[in-house]
Amino acid sequence: EERSYQYRFHRQGELRWIEARGRVYRDENGRAVRMTGINIDITDRMRAEQALRESEERFRAAVEGFPHGFVLYDAERRFVYLNRWAQETIKHSLAEVAGKRDEDVHPEALTRAYLPYLERAMETRATQTFEWTLPVEFGGMTLIVTYVPVSYTHLT
């Protein structure tokens, strides 16, 4: 049977993380007769995971507090994230739109106005900005939309 544990301890005033992996060998009566194992210092990994959690928390706090829409798309132009303002504006939750594309969610009368800018931003990797007044039947508000292409390769 294999076991794995993580524990932390202080070494020379510094907090360290260890992952202990071991295997117990038993005889025909079920008694432990031998054990092999290894201890791996995972301090760097644990620190990196904590830094990532803190970074994600800062990102989420920033975009959730942002008084405008904030939307992330994947490389296939599917919704990945919408902040609260964007969800309220489009009247759909992230759960409702995640993995879908704009044309799966919005009427063609809306998407034909802004999709060319989004597609151009993704194709050219250049920021696209435009001002757009929604048709009255969709609220009539004027939006300043900026699409900023971001490469996910450096985020992973």
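What follows is a walk through the aromatic pairs of this model and the two strands that carry some of them.

A word on ground rules: this is a predicted model, so local features need pLDDT of at least 70 and side-chain atom pairs count only at pLDDT 80 or more, while totals for chains, interfaces and linings use all residues. Residues are numbered from 1 along each chain as its sequence is written, and side-chain values use heavy atoms, with hydrogens and water left out.

Let's start with the rings. The structure has 9 aromatic pairs, where rings of Phe, Tyr and Trp (its six-membered ring) pair if their centres lie within 6.5 Å; planes under 30 degrees apart are stacked, over 60 edge-to-face, and the rest tilted. Take Tyr117 and Phe130: their ring centres are 3.8 Å apart and their planes sit at 10°, so this pair is stacked. It links distant parts of the chain, with Tyr117 in helix H5 (residues 108-124) and Phe130 in strand S6 (residues 128-133), 13 residues apart. Helices (H or I, at least four residues) and strands (E, at least two) are DSSP runs, numbered from the N terminus.

How buried are these two? Tyr117 is partly exposed at 27% relative accessibility, whereas Phe130 is buried at 7%. Buried means under 20% relative accessible area, exposed over 50%, and partly exposed in between (1.4 Å probe, protein chains only).

Phe130 has another partner, Tyr147: here the centres are 6.2 Å apart and the planes at 35°, so the pair is tilted. This one also links distant parts of the chain, from S6 to strand S7 (residues 142-147), 17 residues apart. Tyr147 is buried, at 11% relative accessibility. Put Tyr114 and Trp132 together with Tyr117, Phe130 and Tyr147, and you have one aromatic cluster.

Tyr117 has a charge over its face as well: Arg120 lies there, 5.4 Å from the ring centre. (The test is NZ of Lys or CZ of Arg within 6 Å of the ring centre and within 35 degrees of the ring normal.) Elsewhere, Arg34 lies over the face of Tyr25, at 4.2 Å from the ring centre.

Now for the strands. In a regular strand, side chains alternate between the two faces of the sheet. Along S6, Gln128, Phe130 and Trp132 point to one face and are buried, while Thr129, Glu131 and Thr133 point to the other and are not. S7 alternates too: Leu143, Val145 and Tyr147 are buried on one face, and Thr142, Ile144 and Thr146 point to the other and are not buried.

S6 and S7 run antiparallel, joined by 6 bridges; strands pair if DSSP finds at least two bridges between them. Trp132 has Leu143 as its bridge partner, and Glu131 stands opposite Ile144.
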